[in-house]
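Let's take a friendly walk through the side-chain contacts of this structure. Have a look at the sequence and the model first, and then read on.

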Amino acid sequence: QVQLVESGGGLVQAGGSLRLSCAASGRIVSLNTMAWYRQAPGKQRELVATITSGGATRYAGFVKGRFTISRDNAKNTLYLQMNSLKPEDTSIYYCNVQVFRTQATMNEYWGQGIQVTVSS
């Protein structure tokens with residue numbers, strides 16, 4: 001089995017910064033594409049950013065220029081550096097990871113979610 005543990009969320013004032021982490025552990029051969037999603041109350045879950053195994057990144061328009069996704073393959077860890085935070089960034093943030101558990105078997109896993117609250 002694979003576990004994803006998120007950390008780094010919390011309460012911050014508008015304009016502030018937070019750094020989220022998502023550490024993967026368990027039966028892992030390698031990690032493929034990793035991503036951050038978020039879901040605000042009453043809204044659908046939305047994609048925030050993705051990073052491929054080769055390091056290519058993509059961002060949703062609403063965070064471009066403010067958030068940076070990165071990964072440390074040696075530590076099996078995904079990061080999201082969030083700067084210039086806005087009240088509308090308030091959400092539960094989830095990491096999503098594609099895991100090769102064998103050379104031929106890939107499964108997708110979700111973190112438990114972590115609350116980010118931005119006060120105005």
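## Arginine 45 and the aromatic cluster

Arginine 45 lies over the face of tryptophan 110, at 4.7 Å from the ring centre. The charged end of arginine 45 also sits over the ring of tyrosine 94, 3.8 Å from its centre. A charge counts as sitting over a ring if NZ of Lys or CZ of Arg is within 6 Å of the ring centre and within 35 degrees of the ring normal.

Before going further, please keep in mind that this is a predicted model, in which local features need pLDDT of at least 70 and side-chain atom pairs count only at pLDDT 80 or more, while totals for chains, interfaces and linings use all residues. Residues are numbered from 1 along each chain as its sequence is written, and side-chain values use heavy atoms, with hydrogens and water left out.

How many aromatic pairs does a search of the whole structure find? The search finds two. Tyrosine 94 and tryptophan 110 form an edge-to-face pair, with 6.5 Å from centre to centre and 85 degrees between the planes. For such pairs, the ring centres of Phe, Tyr and Trp (its six-membered ring) lie within 6.5 Å; planes under 30 degrees apart count as stacked, over 60 as edge-to-face and the rest as tilted. Tyrosine 94 belongs to strand E9 and tryptophan 110 to strand E10 (residues 106-110), so the pair ties together parts that are 16 residues apart in sequence. Strands (E, at least two residues) and helices (H or I, at least four) are DSSP runs, numbered from the N terminus.

Tyrosine 94 is buried at 12% relative accessibility, whereas tryptophan 110 is partly exposed at 36%. Here buried means under 20% relative accessible area, exposed over 50%, and partly exposed in between (1.4 Å probe, protein chains only). Tyr37 joins Tyr94 and Trp110 in one aromatic cluster.

The backbone adds to this picture. E9 and E10 pair in the antiparallel sense over five bridges, where pairing requires that DSSP finds at least two bridges between the strands. A hairpin of five residues joins E9 to E10. Tryptophan 110 turns up here again, as the bridge partner in E10 of asparagine 96.

## A network of salt bridges

Side chains of opposite charge can pair when their charged atoms come close. Three salt bridges are found in a search of the whole structure, each being a side-chain nitrogen of Lys or Arg within 4 Å of a carboxyl oxygen of Asp or Glu. Here they are, side by side.

| Salt bridge | Closest N to O |
|---|---|
| Glutamate 46 and arginine 38 | 2.8 Å |
| Arginine 38 and aspartate 89 | 2.9 Å |
| Aspartate 89 and arginine 66 | 2.7 Å |

Together, Arg38, Glu46, Arg66 and Asp89 are linked in a network of salt bridges. How far apart in sequence are the parts tied together by arginine 38 and aspartate 89? Arginine 38 lies in strand E4 (residues 30-39) and aspartate 89 in the loop between strand E8 (77-82) and strand E9 (91-100), so the parts they tie together are 51 residues apart.

Aspartate 89 also pairs with arginine 66. That link again spans distant parts of the chain, as arginine 66 lies in the loop between strand E6 (57-59) and strand E7 (67-72), 23 residues from aspartate 89.

Are these partners buried or exposed? Arginine 38 is buried at 5% relative accessibility, and aspartate 89 is buried at 1%. Arginine 66 is buried too, at 11%, while glutamate 46 is partly exposed at 31%.

## The disulfide

A disulfide is a covalent bond between the sulfur atoms of two cysteines. The whole-structure search finds one, using a cut-off of 2.5 Å between the cysteine sulfur atoms. The disulfide joins cysteine 22 to cysteine 95, with 2.1 Å from S to S. The link is right-handed, with 55 degrees about the S-S bond. Cysteine 22 sits in strand E3 (residues 18-26) and cysteine 95 in strand E9, 73 residues apart. Both ends are buried, with cysteine 22 at 0% relative accessibility and cysteine 95 at 0%.

## Threonine 50

Our last stop is threonine 50, in strand E5 (residues 46-51). Threonine 50 is buried, with a relative accessible area of 16%. Leaving aside residues up to four places away in sequence, threonine 50 touches Thr33, Met34, Ala35, Ala56, Thr57, Arg58 and Ile69, where contact means heavy atoms within 4.5 Å.
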